[in-house]
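These are my notebook entries on a structure whose strands, rings and charged side chains I wished to look up. The entries follow the order in which I went through them.

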Amino acid sequence: MELPQEAPEIFEPPPEVVTTPCDPWPRPYYLEEGLRKVNPYHYTYNTYCKQRWRGREILDIFATEFRDRPLDYYKDAIECGNVVVNGKKVPSVQHKVVNGDIISHTLHRHEPPVTAQSIGIVHEDNDMIVINKPAGVPVHPAGRYNYNSIVEIMRAERGYDWNPLPCNRLDRLTSGVMFIGKHARAAAKLTDQIMGRTVKKEYIARVIGEFPEGDVVCDQPVMQISPKLGLNRARASGKDAKTIFKRLAYYPPIKHINGKHAEPKDLRTNREKERDSHMSWKSKEGYSIVRCLPLTGRTHQLRVHLQFLGHPISNDPIYCNQRVFGPSLAAGDALSDDDLEIISKLSKMGKSEVAEAMAYHDEMIEEYNKRKAEKMTGEKCGICYTPLYSDPGPHELGIYLHAKRYACQYGKWGYETALPEWALPPPGADGPTETTSETDPMALVDELGTLDLDKDRYDGNGANEQPKQPGPLLVMPG
């Protein structure tokens, strides 16, 4: 007896989606006034319907999930067919998306400028390129940045088919040593070493005030408060984090008088003195260059720990922002419950407001930086009518944080850069132009051995547990 055969299951073919109408080669770069700029171009984003979008109206999704442009823009884009579902124009802005839909959005893309500084090559062989990443350039295309990223700039320099494989991550605002694999095997090998904590990393930071001498250990846990804003804070319920700091140099404020150097006179009015008396950071004159050795790799770990110690990076738009964190700049604060208030303040601040709020200590550039902030010009693009921004100021291209050295803990390899310009002695002042063994925080790690994250815990209330290992240790009080 012959069994009836089941009819073969017929699967609906995947929908045709809009492909990127513009992938220009060579990339549309041009250099102007020290900036690398990208001519605006059309670009299509394709994304599958997320679970939380199912059954929702298309305009509602864009209005709540993609807030880069105003509601009227998204309404017009849907109605004119710049936003399509499964490659087809939808009948109205009330169209509801379902599981499996592909949403495509074609727009006229305006990328922010980045520095025109070239990507320095520290070392190159058949497997790996070690670069000196310029500050202000993101590693991967993300958000408003696409061609103005390390990956795409290097691809433009080496050929369209060349595929750079970053092995370590640096924030957009941070400069310094990065590893770019030339093939997957080399990239995976180094990435495993970094993830396995067998690679020592040293950073250089420039912070407000006179940082203490000696070895300073901070092991405050770090918690992510707002992924969207990139905000993290020192919190007892956060992830374990530990950093060793050691001061390289301190530079008090110096002014030029008749070609000579003299301590500045206090020219403030009584009202200004009264105002400043409530701002603890105002009493921290000058700035310090600090060597930083992170023993863990939490997001913004160095920036958060320096803020907690009362010496934030002096041009950090988040953690040295007095309007957001108040006059104390959250020094020693690991217990407050004001996270929602901090998020609200930071999210409401425009770029020019951030510049005005930062606790600058470089008197010669303070007012210039406040004026030279990226802000809306009042003009609109003649093609897509999106508001246009002015060029960013120098202070917005990066912060005073530099990844200076990466080294295998077994001594098999190590790469480092020179000190960045902002870490060198100011004109007329004496100070180190390179790091020395006397100020090496890695020496403390070698002396103490492997540091246990459960030991030497500073509780944030002024009580310090003594280390069980021998060796110098200074933990800053709250």
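**Entry 1. Strand E15 and its partners.** I began with Val216, which stands opposite Phe245 in E15. The model is predicted, and I read each entry below with that in mind. Val216 belongs to a pairing that I then traced in full: strand E12 (residues 215-218) runs antiparallel to E15, with 4 bridges between them. I next looked up the pairing of E15 with strand E18 (residues 287-294), which is also antiparallel and comprises 8 bridges. Within it, I noted Lys246 and Arg291 of E18 as bridge partners. I also asked how many of the residues of E15 are buried. For this strand, residues 243-251, I found 8 of 9 buried, so I recorded E15 as mostly covered, given that buried means under 20% relative accessible area.

**Entry 2. Arg291, Glu202 and Arg405.** Having met Arg291 in the strand pairing, I looked up its side chain. Arg291 makes a salt bridge with Glu202, and the closest N and O atoms are 2.5 Å apart. This pair connects distant parts of the chain, as Arg291 is in strand E18 and Glu202 in strand E11 (residues 199-208), 89 residues apart. Is Arg291 buried or exposed? I found Arg291 buried, with 2% relative accessibility. Glu202 is likewise recorded as buried, at 0%. Glu202 also meets the side chain of Arg405 in a salt bridge, at 2.8 Å from N to O. Here too the link spans distant parts of the chain: Arg405 lies in strand E21 (residues 401-408), 203 residues from Glu202 in strand E11. Arg405 counts as buried at 16% relative accessibility. I then turned to a network in which salt bridges with shared partners join Arg233, Arg235, Asp333, Asp338 and Asp339.

**Entry 3. A small set of strands and one further salt bridge.** I looked up an open sheet of 3 strands and wrote down its order as E1-E2-E6, with antiparallel pairing. Its edge strands are E1 (29-32) and E6 (114-115), each of which pairs on one side only. Strand E2 (residues 35-38) is joined to E6 by 2 bridges, and Leu35 has Thr115 in E6 as its bridge partner. I also noted a salt bridge between the side chains of Glu32 and Lys37, 2.5 Å from N to O. Glu32 is partly exposed, at 36% relative accessible area, whereas Lys37 is buried at 8%. For the structure I recorded a count of 28 salt bridges.

**Entry 4. Aromatic rings.** How many aromatic pairs does a search of the whole structure find? The search returned 14. One that I examined is Tyr43 with Tyr45, an edge-to-face pair with 5.1 Å between centres and 70° between planes. I found Tyr45 partly exposed, at 35% relative accessible area. Tyr43 and Tyr45 belong to one aromatic cluster together with Tyr41 and Tyr147. I also looked for charges over rings. Arg109 lies over the face of Tyr43, 4.9 Å from the ring centre. The charged end of Arg206 is placed over the ring of Tyr287, at 3.8 Å from its centre.

**Entry 5. Cysteines.** I closed with a search for disulfides and found 0. I looked up two cysteines for their accessibility: Cys292 is buried at 0% relative accessible area, and Cys320 is buried at 0%.

Definitions and conventions:
Residues are numbered from 1 along each chain as its sequence is written. This is a predicted model: local features need pLDDT of at least 70, side-chain atom pairs count only at pLDDT 80 or more; totals for chains, interfaces and linings use all residues. Side-chain values use heavy atoms; hydrogens and water are left out. Buried means under 20% relative accessible area, exposed over 50%, partly exposed in between (1.4 Å probe, protein chains only). Two strands pair if DSSP finds at least two bridges between them. Rings of Phe, Tyr and Trp (its six-membered ring) pair if their centres lie within 6.5 Å; planes under 30 degrees apart count as stacked, over 60 as edge-to-face and the rest as tilted. A charge sits over a ring if NZ of Lys or CZ of Arg is within 6 Å of the ring centre and within 35 degrees of the ring normal. A disulfide is a pair of cysteine sulfur atoms within 2.5 Å. A salt bridge is a side-chain nitrogen of Lys or Arg within 4 Å of a carboxyl oxygen of Asp or Glu.
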